[in-house]
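Please consider the structure shown below. The account that follows leads through selected features of its interior.

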Amino acid sequence: MPDGPQIDTTRTHSARIWNYWMGGKDHYPVDREAGDQVIQHFPDIVDLARSSREFLIRAVTHLTTDAGVRQFLDIGTGMPTADNTHEVAQSIAPESRVVYVDNDPLVLAHARALLVGTSEGATDYVHADVRDPDTILEHASRTLDLDRPVALMLMGILGHVPDDEVLPIVRRLLDALPSGSYLASYDGTNTSEAYNRAIEIGNEQGDVPYLLRSPEAIEARFEGLELLDPGVVPCPLWRPRPVEVGQPRGMDQYCGVARKP
C-alpha cells in the first residue's frame, strides 16, 4: 500500500463521526465527543445516519437489478460498515465493478483491508478529494470503463463543498460518463432548527464544515437528468420498504436518483 498522510487522532473527521453514529468501531475519542455533542442537540442524527445507509442499499439494489448498472463510482465512501456499495451490487451481479473515493487516511487503511469484492468483479479505492474530479476520473478509469454506464454515488459528501463548487463538480463528473449513467445522491437539509443548531456545534470542532442546504438546492444537482420516481424526497421516502410500525425517521436529508439521457 502506498504511503499516505498520517492519521491525526486529535482532530475530528466526518467519516469517523458518521461511523460512530452508525454503530461502528473505527473512531477516536475526539470523534465520539463531537458526535455526542450533536446527538445531545439533535438525537435524530442516528436515524439520519441509518436512513442514509438504507437509501444507499435501496438505490444500489435498484440500479443493479432494474437498471442493469454494473459499474459504480462511490465518492465520499466513509468508513466501511455493513452493506457497502460493492457488497450490495456484487451480491446481485458478481461481475460489478466498484471504485471508492475518499481522502481520510484511516478510511484508506480500512478500505485496502476490508473492501474486497468478488473474483468475477473488481473493487478498488482511490485516495482523492471530491474537489479534484479530474484526478478521480483518471484513477477510476483504470478500473471502470467510462464508455459504459456508471452509477455516480455522491452520498452525503457535497455538504462538505462550498455552494459555488457543488454544481461544477457534479457536472464535470457527469460529463465524463456516457448516456445511461446515473447519479444517486443525498445530503442533509436545513429543514429543522434543531438539526441546524447541531451542525453549527459540530462545525465548530471539525476541520471541514458540513453545510446544510435547502431541498431545492439538492434538487438542482439533478438538473438535465431524468429523475426516477418519487423524485427528490427525504431519504426514508425514496422507494421505502414496508415498515411494521411507526413513522419513518431521518427526514432532514433529501435524496434522489436520476438517469443521464
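The paragraphs below take up an aromatic cluster, a threonine and a pair of cysteines in turn.

The model is predicted. It contains 3 aromatic pairs. In one of these, phenylalanine 55 and tyrosine 186 meet edge-to-face, with 6.4 Å between centres and 90° between the planes. This pair links distant parts of the chain, since phenylalanine 55 belongs to helix α3 and tyrosine 186 to strand β5 (residues 182–188), 131 residues apart. Both phenylalanine 55 and tyrosine 186 are buried. Phenylalanine 55 also pairs edge-to-face with tryptophan 238, at 5.5 Å centre to centre and 80° between the planes. Because tryptophan 238 is located in the loop between β7 (233–234) and β8 (253–259), while phenylalanine 55 is in helix α3, this pair ties together parts that are 183 residues apart in sequence. Tryptophan 238, like phenylalanine 55, is buried. Phe55, Tyr186 and Trp238 form one aromatic cluster.

Helix α3 (residues 45–65) also holds threonine 64. Threonine 64 is buried, with a relative accessible area of 1%. Its side chain reaches the backbone oxygen of valine 60 at 2.8 Å. Beyond its neighbours within four places in sequence, threonine 64 is in contact with Val69, Arg70, Phe72, Ala89, Ile92, Ala93 and Ser96.

Why do cysteine 255 and cysteine 235 not form a bond? Their sulfurs are 3.9 Å apart, which is too far for a bond, because a disulfide requires sulfur atoms within 2.5 Å. The count of disulfides in the model is 0. Cysteine 235 is buried, at 0% relative accessible area, and cysteine 255 is likewise buried, at 0%.

How values were computed
Residues numbered from 1 in each chain as written. Predicted model: local features only at pLDDT ≥ 70, side-chain atom pairs only at ≥ 80, totals over all residues. Heavy atoms only, no water. Helix = DSSP H or I, 4+ residues; strand = E, 2+ residues; numbered from the N terminus. Buried < 20%, exposed > 50% of the residue type's maximum accessible area, 1.4 Å probe, protein only. Polar contact = N/O pair within 3.5 Å; in protein donor to acceptor, adjacent residues only side chain to side chain. Contact = heavy atoms within 4.5 Å. Phe/Tyr/Trp six-rings, centres within 6.5 Å; stacked < 30°, edge-to-face > 60°.
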